[in-house]
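Trainee: I would like to go through this model step by step. Please start with the terms.

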Amino acid sequence: MSDFNATLIDNLAYIFIAFGIIIAVMIAFIVSLEAHLSDMKKRYRKIMMSDDDDSNAQQILIKHGERINSALDAEEKLTGELNQLKELINHSISRVAVVRFNAFKDDTAELSYCIALLDAENSGVIISSLNGRDFSRSYVKPIVKGDSVTYKLTKEEEQALRDASAEK
């Protein structure tokens, strides 16, 4: 142990110099970190606490949040309107078929016709017009989900209903 103490005392100057260098390097490192931290604080203050409200990051984020909320509200409103339009389209006439025919044996032309006007659920009406040389008669028959519940359909009306129902 006395050899160690003697060596320590003999090299005490070198040990102080080494510790001094380590302390100087640490002080330089701390000064450098302080300079970087000060620079970052200045940039943070410039971004977050600008005098100009338009360049203030906090205000910009608030405005963007408001715009996002506004866009979400508009999207929700448009989705509701789209669903209403889909419902309206499902109940609008979207399937049409026409069948022309000769209703009377003595006529040579196919002057009579029936028109099926249906929605997406195959509900609507069939309009029939029986036309002769000197007269004309028209009939309207309601159709509910592809079937006439009130009146019997003629073969031409059934054909128009099949043709219109087959449309996609």
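Mentor: Helices (H or I, at least four residues) and strands (E, at least two) are DSSP runs, numbered from the N terminus. The model is predicted, so local features need pLDDT of at least 70 and side-chain atom pairs pLDDT 80 or more, while totals for chains, interfaces and linings use all residues. Residues are numbered from 1 along each chain as its sequence is written, and side-chain values use heavy atoms, without hydrogens and water.

Trainee: In what pattern do the helices and strands follow each other along the protein chain?

Mentor: The protein chain has four helices and four strands. Read along the sequence, their pattern is α-α-α-β-β-β-β-α.

Trainee: What is the radius of gyration of the protein chain, set against a compact globule of 168 residues?

Mentor: The radius is taken over C-alpha atoms, and the globule rule is 2.2 Å times the number of residues to the power 0.38. The C-alpha trace spans about 140 × 50 × 30 Å along its principal axes. A compact globule of 168 residues would have a radius near 15 Å, but the protein chain has 46 Å.

Trainee: What share of the residues counts as buried?

Mentor: Buried means under 20% relative accessible area, exposed over 50%, and partly exposed in between (1.4 Å probe, protein chains only). Of the 168 residues of the protein chain, the buried share is 18%.

Trainee: Which elements each supply at least two residues of the largest nonpolar core?

Mentor: A nonpolar core is a set of buried Ala, Val, Leu, Ile, Met, Phe, Trp, Tyr and Cys residues joined through side-chain atoms within 4.5 Å. The largest one has 12 residues, including Phe101, Cys114, Ile126, Ile143 and Leu161. The elements that each supply at least two of its residues are β1 (95-101), β2 (112-118) and α4 (155-166).

Trainee: Why does Ile126 count as buried?

Mentor: Ile126 is found in strand β3. Contact means heavy atoms within 4.5 Å; leaving out residues up to four places away in sequence, Ile126 touches Cys114, Ile115, Ala116, Tyr139, Val140, Lys141, Ile143, Leu153, Glu157 and Leu161. Ile126 counts as buried because its relative accessibility is 0%.

Trainee: Is Tyr139 buried, exposed or partly exposed?

Mentor: Tyr139 has its place in strand β4. Not counting residues up to four places away in sequence, Tyr139 touches Ile126, Ile127, Ser128 and Leu130. With a relative accessible area of 38%, Tyr139 is partly exposed.

Trainee: How many Å apart are Tyr139 and Glu34, C-alpha to C-alpha?

Mentor: Along the sequence, Tyr139 and Glu34 are 105 residues apart. In space, C-alpha to C-alpha, their separation is 95 Å.

Trainee: Asn122 has a positive phi although it is not a glycine. Is Asn122 buried or exposed?

Mentor: The phi of Asn122 is about 60 degrees. Asn122 sits in the loop between β2 and β3 (124-131), and Ile143 is in contact with Asn122. At 18% relative accessibility, Asn122 counts as buried.

Trainee: Lys145 also has a positive phi. Is Lys145 buried or exposed?

Mentor: Lys145 is a residue other than glycine, with phi near 50 degrees. Lys145 lies in the loop between β4 (136-143) and α4. At 63% relative accessibility, Lys145 counts as exposed.
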